[in-house]
Amino acid sequence: MIIREFGARHARRAFAQPARQACIRALSTQTTTTTQTAIPDLAAGVLNVPASQTKPNSLPAVFTANARSARRRKPDEVDRTAEVYERGQQLKSQIGKLGSDVETRYRPGDVFLNPPGPKDVTLELLMASQAHMGHHTSLWNPANARYIYGIRQGIHIISLEQTAAHLRRAARVVEEVCYRGGLVLFVGTRQGQTQVVTQAARLARGCHLFTKWTPGSITNSDVILNGMQMQMLDENDQPLDGFDRHLNERLPLVPDLVVCLNPRENYTMLHECALANVPTIGVIDTNTEPSWVTYQIPANDDSLRCLAVIGSVLGRAGETGHKRRLVDAKAGIVEWQTPLDVQNFLAIERKIAKQEAEKAAQFTTDENNAITAGSNDTES
């Protein structure tokens, strides 16, 4: 039953297909002929070829039909390197002096290799170091309105004239402090400010801090800085002997001036300086409170290039002050005074030395009198 239904279903389609193709061929105007190419029997062809006609190491045509022909070897070219070089040198001599001169542009290491001084401060230098870039207008401190030039795309622009004037004033302060033998502390605790503060301290012969400030280092220095090594120097920066007892008994040193490159992160240190009456210099951005420091420098505190310029200028100012002091000291001019505790120590040392000298003189006198009395007794 299943076979009968299968034949009934598919027989009509199977027998109708040849008839349909015949009708299509009859109606077509072009006759199509199909030719079949017989594949030659390679084995028989090879076997039927006489041995005299076969070439040694020859392959059948089926292998050599698709074989690529050997590449033609290019002829050897003449080496014209010397000719091209001579032509280039001749062209260079003819047009080498034409065009514009290319000057050396900014390199990040130049500010450390050749630090600028106070006399090198220009508006172009400050503009190139991005000292004029402030913060967004929504973050500004109204106390900095006197330092702001205008607004550009929602960003406050710091007046570079104000920056240059305040930077020269701060450099003058550093120079005079170093001229009078003061100790300057450079502080920069942000990432990337280590090289700036270390170079400034090296130029000004001061101290530097690039890690977190320890609270109480100024107000409680006798406990936190206890045991720090100190040295007594004369006006020519030569070490003096005989002050070991005084250095062991005296309080640790407190800086005479503090230069802070990031006041917002070091408010505790600035507060301690205010309590101890230590003057401070700080880089004030548009979002910083200017009353935290004694001498403000309105500039961009987020630009390392700007901070490098400011640190180099202040370091050069300190170096100039030290050179002036040494030159005047050789001429016998000393503008700074000996600290009060050192004066008291020297007065006590003089008094003790005077008493010891009187005792030595009295002992010598007594010995001479005894010798004289003994000689008189022997004569009698």
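Start with Glu-176 and Arg-180 in this predicted model. Their side chains form a salt bridge, with N to O at 2.6 Å. Check the surroundings of Arg-180: it is partly exposed, at 41% relative accessibility.

Now add Arg-172, Glu-175 and Arg-324 to the selection. Together with Glu-176 and Arg-180, these residues are linked in a network of salt bridges. Within the network, zoom in on Arg-172 and Glu-175. Their side chains meet in a salt bridge of 3.8 Å, N to O. Both residues lie in helix H7, 3 residues apart, so about one helical turn separates them. An α-helix has 3.6 residues a turn, so residues three or four places apart point the same way. Are the two partners buried or exposed? Arg-172 is partly exposed, with a relative accessible area of 48%. Glu-175 counts as buried, at 12% relative accessibility. The cut-off for buried is under 20%.

Stay on the same topic and select Arg-316 and Glu-319. This pair also makes a salt bridge, at 2.9 Å from N to O. The two are 3 residues apart in helix H12, which puts about one helical turn between them. Arg-316 is partly exposed, with a relative accessible area of 24%. In total, the structure holds 13 salt bridges.

Next, select the whole of H12, residues 304-330. How far apart should the ends of its 27 residues be? At 1.5 Å a residue the expected span is 39 Å, and the end C-alpha atoms are 39 Å apart, so the two values agree. Then step past the helix to Gly-332. This glycine follows H12 and has a positive phi, near 90°.

Go back to helix H7, residues 160-179, and select Ser-159. Ser-159 is in the loop between strand S3 (155-158) and H7. At 12% relative accessibility, Ser-159 counts as buried. What does Ser-159 touch, leaving aside its neighbours within four places in sequence? Display Tyr-147, Ile-148 and Tyr-149: Ser-159 is in contact with these three residues.

Now colour the cysteines. How many disulfides does the structure hold? The count is 0. Select Cys-260 and Cys-273 and draw the distance between their sulfurs. The sulfur of Cys-273 is the closest cysteine sulfur to that of Cys-260, yet at 8.7 Å it is too far for a bond. The cut-off for a disulfide is 2.5 Å between the sulfur atoms. Cys-260 is buried, with a relative accessible area of 0%. Cys-178 is buried too, and its relative accessible area is also 0%.

Turn to the surface. Select Leu-91, Ile-95 and Leu-98. They form a nonpolar patch there, with about 310 Å² of accessible area together. Ile-95 sits in helix H4, residues 81-95. At 44% relative accessibility, Ile-95 counts as partly exposed.

Finally, zoom out and show the chain as a cartoon. Its secondary structure comes to 13 helices and 8 strands. Of the 380 residues, 29% are buried. Switch on the surface: the chain exposes about 27500 Å², of which carbon and sulfur atoms supply 54%. Then look at how the chain contacts itself. Among contacts between residues at least 6 apart in sequence, 63% join residues at least 24 apart.

Key
Residues are numbered from 1 along each chain as its sequence is written. This is a predicted model: local features need pLDDT of at least 70, side-chain atom pairs count only at pLDDT 80 or more; totals for chains, interfaces and linings use all residues. Side-chain values use heavy atoms; hydrogens and water are left out. Patches are made of residues with over 30% relative accessible area and no salt bridge: like charges are joined within 9 Å, nonpolar side chains (Val, Leu, Ile, Met, Phe, Trp, Tyr) within 5 Å. Accessible areas come from the Shrake-Rupley method with a 1.4 Å probe; for residues, only the protein chains shown count as cover. A salt bridge is a side-chain nitrogen of Lys or Arg within 4 Å of a carboxyl oxygen of Asp or Glu. Helices (H or I, at least four residues) and strands (E, at least two) are DSSP runs, numbered from the N terminus. Buried means under 20% relative accessible area, exposed over 50%, partly exposed in between (1.4 Å probe, protein chains only). Contact means heavy atoms within 4.5 Å. The expected span of a helix is 1.5 Å times one less than its number of residues.
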